[in-house]
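Subject: the structure for you to look at

Hi,

Here is the structure I said I would pass on. Have a look at it first, then read my notes underneath.

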Amino acid sequence: MKIRSVEELGEAIRTRRKELHYTQAFLAEFTGFSVSFISDVERGKATAEIGKTLRLLMILGLDLSVERRA
């Protein structure tokens, strides 16, 4: 799946969280992140911290890759 916006990244994170049957509260408790941070990421807030977002992806079993456009 190509991610072209922060909204698409947020949707991918939300979809995966729901596939795992995790609530935002559970994920916040497990990661130490706030519920508001997780909500912000899922809504595509552009100012969400990239390091925390990458950790969230790892915890959810998602990979993010960067490829050169042809």
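Let's start with Thr 23, which sits in the loop between H1 and H2. Keep in mind throughout that this is a predicted model. Thr 23 has a relative accessible area of 45%, so it counts as partly exposed. If you follow the sequence from Thr 23 to Val 35 you cover 12 residues, yet in space their C-alpha atoms are 9.5 Å apart.

That loop between H1 and H2 also holds His 21. Is His 21 buried or exposed? With a relative accessible area of 72%, His 21 is exposed. Check its backbone too: phi of His 21 is positive, near 60°, and this residue is not a glycine.

Now zoom out to the whole chain. It has 4 helices and 0 strands, so if you like patterns, you can write it as α-α-α-α along the sequence. The C-alpha trace spans about 40 × 25 × 15 Å along its principal axes. A compact globule of 70 residues would have a radius of gyration near 11 Å, and the chain has 12 Å, which agrees.

A few more numbers for the chain as a whole:

- Of the 70 residues, 27% are buried.
- The accessible surface is about 5200 Å², and carbon and sulfur atoms account for 53% of that.
- Take the contacts with a separation of 6 or more: 52% of them join residues 24 or more positions apart.
- There are 12 positive and 10 negative charges, and the mean positions of the two groups are 3 Å apart.

Next, the inside. In soluble globular proteins, nonpolar side chains tend to be buried together. Which residues make up the largest nonpolar core here? There are 11 in all: Leu 9, Ile 13, Leu 27, Ala 28, Phe 33, Phe 37, Ile 38, Val 41, Leu 56, Leu 57 and Leu 60. Helices H1 (6–19), H2 (24–31), H3 (35–42) and H4 (50–59) each give two or more residues to this core. The largest share comes from H3, with 3 residues.

So H3 deserves a longer look. Its buried residues are Phe 37, Ile 38, Asp 40, Val 41 and Glu 42. What covers them? The cover includes H1, H2 and H4. For a single example, pick Ile 38: leaving out residues up to four places away in sequence, it touches Gln 24, Leu 27, Ala 28, Thr 31 and Phe 33. After H3 comes Gly 44, with a positive phi near 80°.

Phe 33 is worth finding on your screen as well. This residue lies in the loop between H2 and H3. Why does Phe 33 count as buried? Because its relative accessible area is 10%, and buried means under 20%. Setting aside neighbours within four places in sequence, Phe 33 is in contact with Ala 28, Ile 38, Lys 52, Arg 55 and Leu 56. Leu 56 is 23 residues away from Phe 33 in sequence, with 9.0 Å between their C-alpha atoms.

One of those contacts, Arg 55, is in helix H4. With a relative accessible area of 38%, Arg 55 is partly exposed. Not counting residues up to four places away, Arg 55 touches Thr 31 and Phe 33. Thr 31 and Arg 55 are 24 residues apart along the chain, and their C-alpha atoms are separated by 8.7 Å.

Last stop: Glu 7, in helix H1. At 46% relative accessibility, Glu 7 is partly exposed. Which residues does Glu 7 contact, leaving aside its neighbours within four places in sequence? They are Arg 43 and Gly 44; this is the Gly 44 that follows H3. You can also trace from Glu 7 to Ala 46: they are 39 residues apart along the chain, and their C-alpha atoms are 8.4 Å apart.

That's what I found. Happy browsing!

Note on methods
Residues numbered from 1 in each chain as written. Heavy atoms only, no water. Rg over C-alpha atoms; globule rule 2.2 N^0.38 Å. Buried < 20%, exposed > 50% of the residue type's maximum accessible area, 1.4 Å probe, protein only. Contact = heavy atoms within 4.5 Å. Areas by Shrake-Rupley, 256 points an atom, 1.4 Å probe, with all protein chains shown as cover. Lys, Arg positive; Asp, Glu negative; His and termini not counted. Charge placed at Lys NZ, Arg CZ, Asp CG, Glu CD. Core = buried A, V, L, I, M, F, W, Y, C linked by side-chain atoms within 4.5 Å.
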